[in-house]
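Here is a short report on two sheets and the helices that pack against them. Look over the sequence and the model first, then read on.

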Amino acid sequence: MTTKHTIDRLGHRGDGVASGPVYVPGALPDEEVTGELDGDRLGDVKIITPSPNRVAAPCSHYKSCGGCSLQHAADGFLANWKSDAVLDALSAYGLSAPTRQISTSPPRSRRRAMFSGRRTKKGALVGLHGRASSTIIEIPNCQLLRGELVAAIPALQELTIAGASRKGELSLAVTQSSVGVDVVVTGGKSLDDGAFQIRLAAIASQYDLARLTWGVELVVERRAPAQIFGHAQVVPPAGAFLQATRQGQDALIASVQRAVGPAKHVADLFAGCGTFSLPLSKHAEVRAVEEDAEMLRALDAGWRHADGLKKISTEARDLFRRPLLLEELKPFDAIVIDPPRAGAENQTVELAKGQAIIASVSCNPQTFARDANILCNAGYTIDWIDVIDQFRWSPHVELVARMSKKN
């Protein structure tokens, strides 16, 4: 049955939301739409009255590809919506904060992507999954990814032909580094066969891949795929977390540096490979804490080979199970915390007992607001928030907040 609806708002996943609620993919606030209602979702959507914020999608793959979900929305509208999403999350706890202009990464700036690959009768199909589908969509005209990643697709096709089973699907994580692309393949054949390893190494050489990892096994590293953090070069472990765009990384670093200010002793919690530790060590001694010891070794190697940096010490520690306690936090006049999407509630409880400046980095406004509320209840104030949009054309949003406690 065809029904008609007026869109009230954009939901946190990017769907239009009408009263009911009814979720309408591809719709914007104030639009009138019709479609076939299936539970609480509208299918076969037709836009009757388009919003003035609706634009033509810049990518020819947009209707079928699931990589982007909001190319139909104007940039200014999306910037305001993402900033409001942060403030709305805070308002649920009775909190507020001043925000600056959002920093949005440009088109074709994503430096990492997860492709899917399947063998076909004539070769291989490599691309991204379709919207709400297991179908693989080829994306030669992608407007989101850096050109180096799209240019690597022929290599990914050869790897799929060589290493995928007839009915299986490969996951191919591709990251652009300073010396070429770094590829990690999962879901493929076993590496037990020496001839297979030789074939994979030959593909890496033919297509000039910097590094190729199959599962957890290194096949070949022709050049160390370094990333630049401040004045240091770091070679992350294969598949390690990396900010999605260089522009987004730089914006996050600038905001963290602004938050930390002249602090001379800084703790970097959930430090990863040193995205913040290494730039901050230009002016401060840093204690980097991270569960993954391999990532810390990469950070340490980058620090030791760089010039002009102050001391960075590292500790491998699960901060969810063993948060740093107040006595351990006292030596630091500023603390950077960049947890996963789940936030860091237990660690925040310990931070709330102290007095240090806090630079809180988050990829989830809801868990940030929850943790910020713990700090504010203990006497902290949110001085300001910078909103960072490095996942262009998606509902994803990141932020850096400076929090301080009056003595």
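Strand S7 (residues 112–119) and strand S8 (residues 124–129) run antiparallel and pair over four bridges. Two strands pair if DSSP finds at least two bridges between them. Within this pair, Arg119 stands opposite Ala124 in S8. This is a predicted model: local features need pLDDT of at least 70, side-chain atom pairs need pLDDT 80 or more, and totals for chains, interfaces and linings use all residues. Residues are numbered from 1 along each chain as its sequence is written, and side-chain values use heavy atoms, without hydrogens or water.

Helices (H or I, at least four residues) and strands (E, at least two) are DSSP runs, numbered from the N terminus. S7 and S8 belong to an open sheet of seven strands, ordered S9-S8-S7-S10-S11-S12-S13, with mixed pairing. Strand S9 (136–137) and strand S13 (217–221) are the edges; each has a single partner strand, so one side of each has no neighbour in the sheet.

Helix H4 (residues 194–206) lies across strand S12 (211–214) and S13. In H4, Phe196, Leu200, Ile203 and Ala204 are buried (under 20% relative accessible area, 1.4 Å probe, protein chains only; exposed is over 50%, partly exposed in between). Seen down the helix axis, the buried residues of H4 fall within an arc of 100°, so they line one face. The arc is that of the directions from the axis to the C-beta atoms. The face turned away carries the exposed residues Ala195, Ile198 and Gln206. Helix H3 (153–163), S12 and S13 are among the elements covering the buried residues of H4. Contact means heavy atoms within 4.5 Å.

A second open sheet has eight strands, in the order S6-S21-S22-S20-S19-S16-S17-S18, again with mixed pairing. Its edge strands are S6 (103–104) and S18 (312–316). Strand S21 (residues 380–389) and strand S22 (residues 398–405) are antiparallel over eight bridges.

Helices also pack here. The table gives the angles of three helices, H4 included. Axes are lines fitted to C-alpha atoms, for helices over the stretch in contact; angles run from 0 to 180 degrees between N-to-C directions.

| Helix | Strand | Angle |
|---|---|---|
| H4 (194–206) | S13 | about 45° |
| H1 (75–91) | S21 | about 150° |
| H10 (365–377) | S22 | about 0° |

Is Ser404, in strand S22, buried or exposed? Ser404 counts as buried because its relative accessibility is 15%.
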